[in-house]
Amino acid sequence: MTTDPNPDPVASTDTPEESALAAAKTKGEGIVVCDACPVLCRIRPGKTGACDRYGNIEGKLARLDPFVVTQRTIDQEGRMVPFLEAPWNGEIVPGGGTFVTGIGAGTTYPDYKPAPFIVSAAVDGVDMITVVTEGIFSYCGVKAKIDTDRYVGPEQAAVRVGGEQVGHVTTAEYGSQMLSLGGVRHLTGGSKKEGVVTCETLLTLCNKGAVEMSVDGGAALTIQAGRPPVINGTAEERMRVGCGSATIGIFAKQWQGHADEVIVVDDHITGVLSEHQAGRFLDMRPAGIRVRGRKSTPGRYFQVANPGTGWGGTDIRDPLAIIEKIDPKAAWPGLRLLMVSTTGEHAAWFVLDEALRPQPAAMPAAIERVVERIGENCEPALTTVLFMAGAGGSLRAGVTENPVQLTRSVRRALTRVTSGGAPVFIWPGGGITYMVDITTMPDNSFGYVPTPAIVGPIEFTMTRASYAALGGHMDCIRPVESIRAVERVKAIPWSPANPWPLKPPAGEA
Amino acid sequence: MTVQASLLPGGRRLHLNHGPIDAVIEGWGEPREVRAAYDQAIAAFNGVLPTLVKELTILRWPLSETAPVVQGVVARRMVAACWPFRNSFITPMAAVAGAVADHLLTAMLAGRTLSRAYVNDGGDIAFHLAASERLACGVVGNVLAPAIDGKIELTADLPVRGIATSGAATKGTGGRSFSLGIADAVTVLARDAAAADAAATVIGNAVDLPGHPSVIRRPAFDIDPDSDLGGRQVTLAVGTLATTEIEIALTAGLAEAERQRQAGLIYGAVLTLQGRFLVCGDRSKMMQAA
């Protein structure tokens with residue numbers, strides 16, 4: 001019996017064996033060996049490998065995913081016209097309605113060569129230049145915002161996919177939890193497997209897919225851009241209207257006269273109406289119901305329970321458990337008490353009996369309406385995925401011979417940066433570090449290289465004069481109509497929600 | 001890069017990809033069972049390509065009277081499925097897609113209760129039907145002009161759990177492999193997908209008009225230097241044929257299909273060429289007009 005030299009076939013699937021790779025690289029006129037998967041296809045010029053995803057284009061291995069251009073159609077009054085009613089025939093309409101995206105454009109690694117496509121289009125009499133490329137990003141990651149009050153895990157906890165750490169839990173934000181995923185330290189700083197799993201995670205999320213992950217000491221999550229997060233198997237429905245204290249502030253007046261006390265249970269800040277500034281302002285009588293936890297300011301309590309998946313993101317199943325004591329000097333028989341969570345998903349109505357013990361009772365219609373309104377004011381809980389990457393490095397050399405000029409041109413708003421045609425947010429400070437909401441980009445905009453690193457589209461648009469001024473590759477400019485000659489071109493409709501990138505930039509001239 | 005597993009839009013079908021293998025999987029049953037079955041399919045898929053690659057040289061070798069010794073589970077299915085055809089030219093690669101489909105289906109069903117399931121590996125399909133279940137299958141006569149030309153109703157009582165299609169469309173013209181024949185499509189029903197895959201390849205090779213000037217052929221290695229077909233002339237394009245020529249080519253294929261059916265290798269087949277088709281087997285069960 002022999003031992004398996006590859007006890008972990010998953011981790012090693014894409015590492016071609018040295019001898020196999022060497023054998024595959026034997027003679028053959030113009031043949032390219034594809035090492036994207038273990039098959040190691042030898043591909044003749046103009047042909048594709050077994051998967052039809054990689055091919056030999058003029059002696060080089062190239063990805064053959066379609067190169068995407070987006071198009072908009074405009075009627076005579078300048079309005080966008082949707083053409084989704086009819087299937088798109090793939091023809092590129094001549095004129096100013098075509099924007100060439102970086103999706104499938106390919107890259108020019110190493111970077112000193114001009115970008116794959118530098119195209120010009122006349123827009124309102126101004127010659128606009130768009131430099132189109134796909135960046136290979138080692139410095140990149142995803143910032144994910146998960147709308148939930150449920151406990152996801154402690155800050156700084158490792159986020160894992162298939163056991164590998166791909167990121168960490170970062171700050172809690174309003175009604176949501178932030179995750180930081182990817183980044184150069186997970187992509188290239190850890191084991192090979194960690195890098196590969198991180199790359200797959202980023203790729204799936206950025207291409208709008210779902211990823212299952214777990215948080216050390218926290219929850220199991222399934223997240224997907226634009227969809228409700230699934231936490232420990234439960235799909236989140238609503239984002240809370242505010243913290244417990246804010247909920248008190250928002251609805252105090254609507255409870256007045258219908259309840260003597262309202263306690264809004266919240267893992268962060270639990271609110272108690274009659275003690276709260278809002279209750280005082282309405283001259284409410286102190287009800288003498290003291291909740292557990294640490295008092296912050298009047299009517300606002302921290303840590304009334306442990307984090308969990310019960311009421312308001314706590315581990316509470318029975319809301320009365322957070323009541324520490326009821327002061328017989330202040331409370332009175334018949335006192336009407338509402339306990340409710342920050343999303344209105346949990347609510348209970350109590351009336352104090354002669355012994356000042358809360359007894360469950362039927363909730364009055366007026367109170368029920370306000371509870372429903374809390375729910376109504378909660379927005380649908382979503383996961384949002386922002387891709388963040390730095391184009392401050394050598395990628396700029398594909399645009400200009402003097403890379404810092406591009407950074408300066410972007411700073412001065414002379415050059416517009418887009419990603420797959422979608423608007424990006426550019427961080428102030430050095431380099432071109434940008435974030436983009438991946439749901440505004442065309443589907444499957446992202447790819448990868450086995451380094452591992454993420455391949456993402458990026459376009460720089462500016463006037464011809466600006467391009468010349470920053471030392472652009474003027475001799476490589478081609479008219480947009482010539483893109484039609486690219487066989488693998490794929491035209492998709494422009495998303496009308498995005499600003500049209502070819503509008504001349506508004507920066508200082 | 002490595003194995004990719006994702007649910008297709010709609011959330012019901014599982015897509016597995018690794019290198020040249022693309023499989024689409026769907027199961028019906030309790031959601032928990034379906035999910036567990038998908039997990040089992042993903043787990044089984046992980047080692048498939050690297051294991052195949054290790055034995056690729058043997059698997060690309062034509063079969064002769066001595067059975068090659070292979071270790072991989074999928075490789076063994078390939079050899080077994082192609083073995084009955086060793087008297088004509090065939091390599092185990094003829095059944096690779098079907099064998100992968102059978103392997104994944106077997107893995108996903110182990111210990112699971114599903115009413116129906118299929119694994120579609122690039123048109124070669126392994127499926128499962130619990131008692132009295134049925135699966136409707138559309139038949140596309142020409143992959144270059146895809147339309148549902150007919151349908152096959154698969155029922156649990158038929159001795160059929162695999163369906164595979166072979167055609168002359170090559171790489172770059174809509175297909176993924178080579179054929180020595182000229183059929184637009186040969187669809188075969190057999191006991192499993194590997195058997196159907198191998199049989200469809202052999203029947204597809206038999207649908208032919210040797211020496212016809214409208215048929216353009218090239219040595220396989222001119223297109224793919226690693227093709228298991230080596231220097232054999234594979235079909236690149238077929239010009240318009242006369243009706244009688246179509247009948248001659250289809251009849252040649254039908255003879256091979258009928259031989260296989262009587263030998264118990266297949267349950268039936270549908271052969272199409274330039275808008276005409278012939279059926280081997282119980283026509284009432286095999287093909288209904290769409």
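Student: In this predicted model, which residue of β16(A) is the bridge partner of S214(A)?

Tutor: This is a predicted model. β15(A) and β16(A) pair in the antiparallel sense, and four bridges join them. In β16(A), the partner of S214(A) is A220(A).

Student: In the hairpin of β15(A) and β16(A), which residue takes a positive phi?

Tutor: Four residues lie between the two strands of this hairpin. The one with a positive phi, near 70°, is G217(A).

Student: Which residues make up the covered face of β16(A)?

Tutor: In a regular strand, side chains alternate between the two faces of the sheet. Strand β16 of chain A covers residues 220–223, and its uncovered face has A220(A) and T222(A). The covered face has L221(A) and I223(A).

Student: Which residue in β17(A) does T222(A) stand opposite?

Tutor: β16(A) pairs with strand β17 (residues 230–231) of chain A in the antiparallel sense, over two bridges. Opposite T222(A) in β17(A) stands V230(A).

Student: Which residue in the turn between β16(A) and β17(A) has a positive phi?

Tutor: β16(A) and β17(A) form a hairpin, with six residues between them. The turn residue with a positive phi, about 80°, is G226(A).

Student: Which are the edge strands of the open sheet in chain A?

Tutor: Eleven strands form this open sheet, with antiparallel pairing, in the order β18-β17-β16-β15-β12-β13-β14-β11-β28-β32-β31. An edge strand here pairs on one side only. The edge strands of chain A are β18 (234–235) and β31 (425–426).

Student: In β32(A), what is the bridge partner of G390(A)?

Tutor: Strand β28 (residues 383–390) and strand β32 (residues 433–437) of chain A run antiparallel and are joined by five bridges. In β32(A), the partner of G390(A) is T433(A).

Student: At what angle does helix α4 of chain A run to β13(A)?

Tutor: Helix α4 of chain A spans residues 192–206. The strands of chain A that α4 lies across include β11 (140–147), β12 (158–161) and β13 (164–173). Its angle to β13(A) is about 50°.

Student: Is D283(A) buried or exposed?

Tutor: D283(A) lies in the loop between α6 (277–281) and β21 (289–291) of chain A. D283(A) is not a glycine, yet its phi is positive, at about 60°. It has 7 C-beta neighbours inside 10 Å, and 12 or fewer is the cut-off for the outer class, so D283(A) counts as exposed.

Student: How does A413(A) count, by its C-beta neighbours?

Tutor: A413(A) is in the loop between α8 (403–411) and β29 (416–419) of chain A. Its phi is near 60°, a positive value in a residue other than glycine. Because A413(A) has 13 C-beta neighbours inside 10 Å, it counts as partly exposed.

Student: What percentage of the residues of chain A count as buried?

Tutor: Chain A has nine helices and 36 strands. Of its 509 residues, the share that counts as buried is 47%.

Student: In chain B, which residue of β3(B) does H18(B) stand opposite?

Tutor: β2(B) and strand β3 (residues 21–28) of chain B pair in the antiparallel sense over five bridges. They form a hairpin with two residues between them, and G19(B) in the turn has a positive phi of about 55°. Opposite H18(B) in β3(B) stands I21(B).

Student: In β2(B), what is the bridge partner of Q4(B)?

Tutor: Strand β1 (residues 4–7) of chain B pairs with β2(B) in the antiparallel sense over four bridges. Strand β2 of chain B spans residues 14–18, with H15(B) and N17(B) on its uncovered face. The partner of Q4(B) is N17(B).

Student: How many residues of α6(B) are buried?

Tutor: Helix α6 (residues 193–206) of chain B has 14 residues and reaches 20 Å from its first C-alpha to its last, close to the 20 Å expected. The helix is largely enclosed by the rest of the structure, because the number of its residues that are buried is 14 of the 14.

Student: Which word describes how α4(B) and α5(B) lie to each other?

Tutor: The axes of helix α4 (residues 73–82) and helix α5 (residues 96–109) of chain B come within 9 Å and cross at roughly 125°. The residues in contact include V73(B) and M78(B) of α4(B), and A99(B) and H103(B) of α5(B). The angle falls outside 65 to 115 and is not over 145, so the two helices are oblique.

Technical notes: Residues are numbered from 1 along each chain as its sequence is written. Chains are lettered from A and ligands numbered from 1 in the order in which they are written. Two strands pair if DSSP finds at least two bridges between them. Two residues are in contact if their C-beta atoms, placed from the backbone, lie within 7 Å. Axes are lines fitted to C-alpha atoms, for helices over the stretch in contact, and angles run from 0 to 180 degrees between N-to-C directions. A residue is buried if 20 or more other C-beta atoms lie within 10 Å of its own, exposed if 12 or fewer, and partly exposed in between; C-beta atoms are placed from the backbone. The expected span of a helix is 1.5 Å times one less than its number of residues. Angles under 35 degrees count as roughly parallel, over 145 as roughly antiparallel, 65 to 115 as roughly perpendicular and the rest as oblique.
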